[in-house]
Amino acid sequence: MDSQKLWKNVLERIRPQLSEANFRIWFGKTALEQKDKNHFIVYVESSFIKQNILAKYPTLLSNTFKEVYPDEAEISIEVKQSLKETEVEFEFTTPTVKVPTVGLNPKYNLENFVVGLSNNLAFAAARAVVQTPGTTYNPLFIYGGTGVGKTHLMQAIGNELFKKNPGLKIIYCTSEKYTNDFIQSIQNKKTSEFRAKYRNCDLFLVDDIQFISGRDSTQEEFFHTFNELHTKNSQIILTSDRTPDQMKDLESRLRSRFQGGLMVDIQNPDFDTRVAILRAKCMERNEHISDEILTIIAQSQDTNARELEGKLIQIVQAAKLTNQILSEDVVHKYLGTPSHTAKAPDYKKVITGVNQYFHVKTSDLIGPRRKRDLVIPRQIVMYFLYEECKLPYERIGDILGGRDHTTILHGVEKMRSTINRDRELQRMIIEIRQIITQG
């Protein structure tokens, strides 16, 4: 079986297990090459897609590949530019899935949660909870600003667990609803019914827990609800716009319990994630918009996912109402930005930005000195010059004092692999990118 036919068979089995949008986004432009009998390479068009496949679908990919190619095989994923869209000629059907009738939105799932530097740790924690609820991270405390995807991720966990076990008892509520239900139970002398409801579930999801601060009687009740559920190994997931330490008038015993599991934050999406979010929203809405236009929108909107989607809808609807074709000039007009094609940053801006961030001199950065505190800044420069400026390894080596291209290759690959697991490095990359783009 040749590689093309083999890959087509693999995709035919993968496709029904994903939504149409997610299949197109992550597997729509892929190819397979057989290096030898036991080694296959899956090519994708960007490191961002590679990262998401490795984060979301490693098991699906490997298991499906074994179904088609039963011999032992090693599968690796590599980036290759200018891939043609994969053509898989069969109709897509989506199986009907029951959804819990507990207020969860069925559109929130882990498949359509776009993973990037700003949220990959939170996503990894969500996957871990789905695998072993009540034991791995309990409670899971997700915090971040408005519109970054906290509710999406929390409800996605609920939907995924319900699919695995439809008999699971799930409660989803906001802290406001919990408070109102508690007050009403007191007024109606039905506190026993209130407790029977909230203290007997397998999965307890509470949105915007910060609003419980300052409500003494509600905090007292929630403390006992939390304790009883935790004792029974029921999974507890909380979202907030701030950390427990930042919640004023929160009882110390509740603060201690909120911090007793895993706390993960979600930040505003970086540029690559913003482009991927826009692409996913276009798929959901069946809008065909070029990546060039999505790039313009993503570059102009350094904001959260919710506002990003709102801007996309606003532009699309405005163009339709005025019978305009959605060109780059039209998008610039609605955005109020200059109409010119965005260019990769000049390499000098990258070096200046890294110097400014780490407080180092250019002569030290590109010079021969091998001090430990220069290793990370140098590798970040290599990463940006390759990923952002699109320079070849040899040119980057010349810029950085005549270094060999293998040294540059090692530095770029080191950054790529470390970014996926190092939260502090992710934060550095995001902040340095902002310095470069604003400079």
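# Charged side chains and their surroundings

At 42% relative accessibility, lysine 163 counts as partly exposed, since buried means under 20% relative accessible area, exposed over 50%, and partly exposed in between (1.4 Å probe, protein chains only). The model is predicted, with local features needing pLDDT of at least 70 and side-chain atom pairs pLDDT 80 or more, while totals for chains, interfaces and linings use all residues. Residues are numbered from 1 along each chain as its sequence is written, and side-chain values use heavy atoms, without hydrogens or water.

**Exercise 1.** Find the salt-bridge partner of lysine 163 and place the two residues along their helix.

*Solution.* Begin with the distance: the side chain of lysine 163 meets that of glutamate 160 in a salt bridge, at 3.6 Å from N to O, where the rule asks for a side-chain nitrogen of Lys or Arg within 4 Å of a carboxyl oxygen of Asp or Glu. Then consider the positions: both residues belong to helix H6 (residues 150-164), and because they are three residues apart, about one helical turn separates them. Helices here are DSSP runs (H or I, at least four residues), as strands are (E, at least two), numbered from the N terminus. Finally, turn to exposure: glutamate 160, at 16% relative accessibility, counts as buried, whereas lysine 163, at 42%, is partly exposed.

**Exercise 2.** Determine which parts of the chain are tied together by the salt bridge of arginine 433 and glutamate 388.

*Solution.* The closest N and O atoms of arginine 433 and glutamate 388 are 2.8 Å apart, and the pair forms a salt bridge. Arginine 433 lies in helix H20 (residues 423-438) and glutamate 388 in the loop between helix H17 (375-387) and helix H18 (393-399), so the pair ties together parts that are 45 residues apart in sequence. Both arginine 433 and glutamate 388 are buried. For a further pair, take lysine 371 and aspartate 373, whose side chains meet in a salt bridge at 4.0 Å, N to O, with lysine 371 partly exposed at 38% relative accessibility. The count for the protein comes to 19 salt bridges, and Arg195, Arg199, Glu221 and Glu228 are linked in a network of them.

**Exercise 3.** Describe the surroundings of lysine 311, a buried residue that has no salt bridge.

*Solution.* Locate the residue first: lysine 311 lies in helix H13. Next, look for a partner: the nearest side chain of opposite charge (Lys and Arg count as positive, Asp and Glu as negative; His and the chain ends are not counted) is glutamate 307, which is 9.1 Å away. Then list the contacts (heavy atoms within 4.5 Å): leaving aside neighbours within four places in sequence, lysine 311 touches Ile297, Gln301 and Leu335.

The last of these names leads on to helix H14 (residues 328-335), where Val330, Val331, His332 and Leu335 are buried. The buried residues of H14 pack against helix H12 (291-300) and helix H13 (305-321). After H14 comes glycine 336, whose phi is positive, near 75°.

**Exercise 4.** Set these local details within the whole protein, using its secondary structure, its burial and its contacts.

*Solution.* The secondary structure comes to 20 helices and eight strands. Of the 439 residues, 49% are buried. Among contacts between residues at least 6 apart in sequence, 75% join residues at least 24 apart. As for dimensions, the C-alpha atoms fill a box of roughly 75 × 55 × 55 Å, taken along the principal axes.
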